[in-house]
Amino acid sequence: MKISLYILTGIILLTIESSLLSFFPVEFFKPDLGMPFVIYTTFFLGPLPGFITSLLISIFQEILSNAPHGSIIFTKLSIFLLATFMKSKLYIDSKYSFSYICGGSAVVESFLFLALSVLSKGETSNIINVIFYTIPNAIFTGFVSIFIFSLIESLNTKLLSKE
Amino acid sequence: MKTSIIIITAVLVLAFSFFIFTNTSLFVNAYAKVRCNIGEVAGPALKLIGKPANLVKYLFETYVNLLDAKKENVELKKKLDVLQLENQKIPELDNENKRLKSILHIAEQNPNKMIAARVIGEDIKNWFRCIIIDKGRDAGVTEKMPIITPKGLVGQAVEINKWHSKVMIVNDTNSSVDVYIEGKNSRGVLEGTGKTTLKLKYVLKNDEAAIGDKLITSGKDSIYPKGLPTGIIITVNRNNPGIFADIDVMPFNNFKRLDEVLIIKKR
């Protein structure tokens with residue numbers, strides 16, 4: 001129940017983001033709204049929900065993006081695996097520490113994407129573009145994840161407290 | 001034990017995604033089917049969410065304009081607010097009317113060659129440039145169909161679903177268009193940079209190219225038909241090393257402000 005609600009919320013937020021971006025001329029910052037859901041489910045619900053969330057969210061992100069096929073699945077699953085291994089070493093005690101981890105994961109995702117493009121295909125045309133947006137994306141992903149954390153917590157309290 | 005199985009599965013899917021990325025046909029075909037099925041949901045969802053988003057846009061624009069009105073006259077604020085709201089609607093509707101008329105004019109001139117579509121979404125990653133339009137397979141859209149506006153070239157359809165399509169716009173880093181400099185003999189390849197401007201490549205330093213020259217598609221890339229306006233040259237640098245000039249181009253369209261587009265049907 002929990003995981004399906006989180007995935008649905010994530011997909012709705014991604015659709016709203018894509019729809020609103022066609023109206024507002026925002027280019028410099030586009031937060032990764034899927035990242036907080038991947039991190040939250042992996043850290044708080046365990047590996048299976050984390051894996052399912054990262055897979056579904058990444059497929060949906062690829063549908064709403066011109067990213068090469070497979071690239072976002074690769075980076076999101078890598079983030080999921082890293083989060084699984086780092087789970088015992090990192091401690092999320094508040095929405096702020098959650099936001100740092102989400103922001104950090106956005107930076108790691110950018111570099112994973114670059115490594116994948118350069119090492120497997122030798123594509124260098126997009127390097128400057130990806131590096132240019134890495135820090136703003138990470139900052140805004142971290143910022144937005146504070147609100148997403150609060151949203152998930154309120155969903156837990158209001159809808160899922162009986163589980 | 002359970003965690004190990006999940007991690008092994010995740011690593012296998014990771015390898016699967018790597019093979020998709022490297023275009024291994026077996027994996028690409030399987031993934032295309034999954035994407036297609038999930039993708040069918042995205043179009044209607046975008047259309048549905050686009051409606052309240054339109055309202056948000058209207059409220060946002062109204063709010064921005066209201067700030068100016070407040071500065072002008074505090075005492076008549078309330079009265080002005082109402083008038084401003086009314087007045088803002090008219091130019092907005094007028095602009096939309098003009099836009100739609102020009103689209104309709106082109107579409108009527110070429111009834112069997114054009115499909116009009118609305119922009120319903122944008123790329124959620126700023127590493128790439130694409131828009132999502134509300135016409136898909138059902139409307140007869142196929143891959144590599146050129147997308148234009150009355151101002152000029154927008155891009156090409158790259159992924160078609162039942163109700164919506166994804167369009168790679170010309171400033172995506174993966175985009176390249178074969179172009180002529182209008183009225184001159186020079187030809188080059190217009191490439192996306194991921195930013196507002198485009199790069200015109202492979203134009204020799206002794207070729208005719210000057211600031212203000214307009215670019216049109218050459219039709220030689222077999223995607224875009226000949227004669228579509230694409231952009232205007234804004235800088236020409238011949239002092240760089242190498243045999244080619246460094247040329248920046250400003251596209252005719254502002255891709256952040258696209259509402260309606262036309263899809264050119266393939267001959």
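I'll start with chain A of this predicted model. Helices H2(A) and H3(A) are roughly antiparallel to each other, because their axes cross at roughly 170° and an angle over 145° counts as roughly antiparallel. H2(A) covers residues 35–45 and H3(A) covers residues 47–63, and the two axes come within 8 Å. On the H2(A) side, the contact is made by A:Phe37, A:Val38, A:Thr41, A:Thr42 and A:Leu45. On the H3(A) side, the residues are A:Pro49, A:Gly50, A:Thr53, A:Ser54 and A:Ile57. By class, that contact has five nonpolar residues, five polar ones and no charged ones.

Next, the contact between the chains. Chain B puts in 47 residues and chain A puts in 45. On the chain B side, the elements that each supply at least two residues are helix H1, residues 2–21, helix H2, residues 25–72, and the strands E1, E2 and E5, the last of these being residues 165–169. Which of them gives the most? That is H2(B), with 13 residues. The side of chain B that touches chain A divides into 27 nonpolar, ten polar and ten charged residues.

One piece of this can be described by its geometry. Helix H1 of chain A, residues 2–21, lies across E1 and E2 of chain B. The helix runs at about 120° to E1(B).

E1 and E2 bring us to the first barrel I want to show. Six strands of chain B form a closed barrel that runs E1-E2-E5-E4-E3-E12, with antiparallel pairing. Neighbouring strands of that sheet are turned by 45° against each other on average, ignoring direction. Within the barrel, E1(B) is residues 114–122 and E2(B) is residues 130–133, and the two pair in the antiparallel sense over three bridges. To find the register on screen, look for B:Val119, which stands opposite B:Ile133 in E2(B).

Chain B has another barrel. Here six strands close in the order E6-E7-E8-E11-E10-E9, again with antiparallel pairing. The twist averages 40° from one strand to the next.

Let me go through some of the pairs in this barrel. E6(B), residues 176–181, and E7(B), residues 187–192, pair in the antiparallel sense over five bridges. B:Ser176 stands opposite B:Glu191 in E7(B). The hairpin of these two strands has five residues between them, and in that hairpin B:Gly183 takes a positive phi near 80°.

E6(B) also pairs with E9(B), residues 214–217, in the antiparallel sense over three bridges. Two positions fix the register here: B:Tyr180 has B:Ile216 as its bridge partner, and B:Ile181 stands opposite B:Leu215. As a reminder for reading such neighbouring positions, side chains in a regular strand alternate between the two faces of the sheet.

What does E9(B) pair with besides E6(B)? E9(B) pairs with E10(B), residues 229–237, in the antiparallel sense over three bridges. B:Ile216 turns up again at this point, with B:Pro229 as its bridge partner in E10(B). So much for E9(B).

The last pair on my list is E10(B) with E11(B), residues 246–251. These strands pair in the antiparallel sense over six bridges. B:Asn237 of E10(B) stands opposite B:Asp246 in E11(B).

To recap: chain A has the helix pair H2(A) and H3(A), crossing at roughly 170°. Chain B has a barrel running E1-E2-E5-E4-E3-E12 and a barrel running E6-E7-E8-E11-E10-E9. H1 of chain A lies across E1 and E2 of chain B.

Note on methods: Residues are numbered from 1 along each chain as its sequence is written. Chains are lettered from A and ligands numbered from 1 in the order in which they are written. This is a predicted model: local features need pLDDT of at least 70, side-chain atom pairs count only at pLDDT 80 or more; totals for chains, interfaces and linings use all residues. Axes are lines fitted to C-alpha atoms, for helices over the stretch in contact, and angles run from 0 to 180 degrees between N-to-C directions. Helices (H or I, at least four residues) and strands (E, at least two) are DSSP runs, numbered from the N terminus. Angles under 35 degrees count as roughly parallel, over 145 as roughly antiparallel, 65 to 115 as roughly perpendicular and the rest as oblique. Two residues are in contact if their C-beta atoms, placed from the backbone, lie within 7 Å. Ala, Val, Leu, Ile, Met, Phe, Trp, Tyr, Cys and Pro count as nonpolar, Asp, Glu, Lys and Arg as charged, and the others, Gly among them, as polar. Two strands pair if DSSP finds at least two bridges between them.
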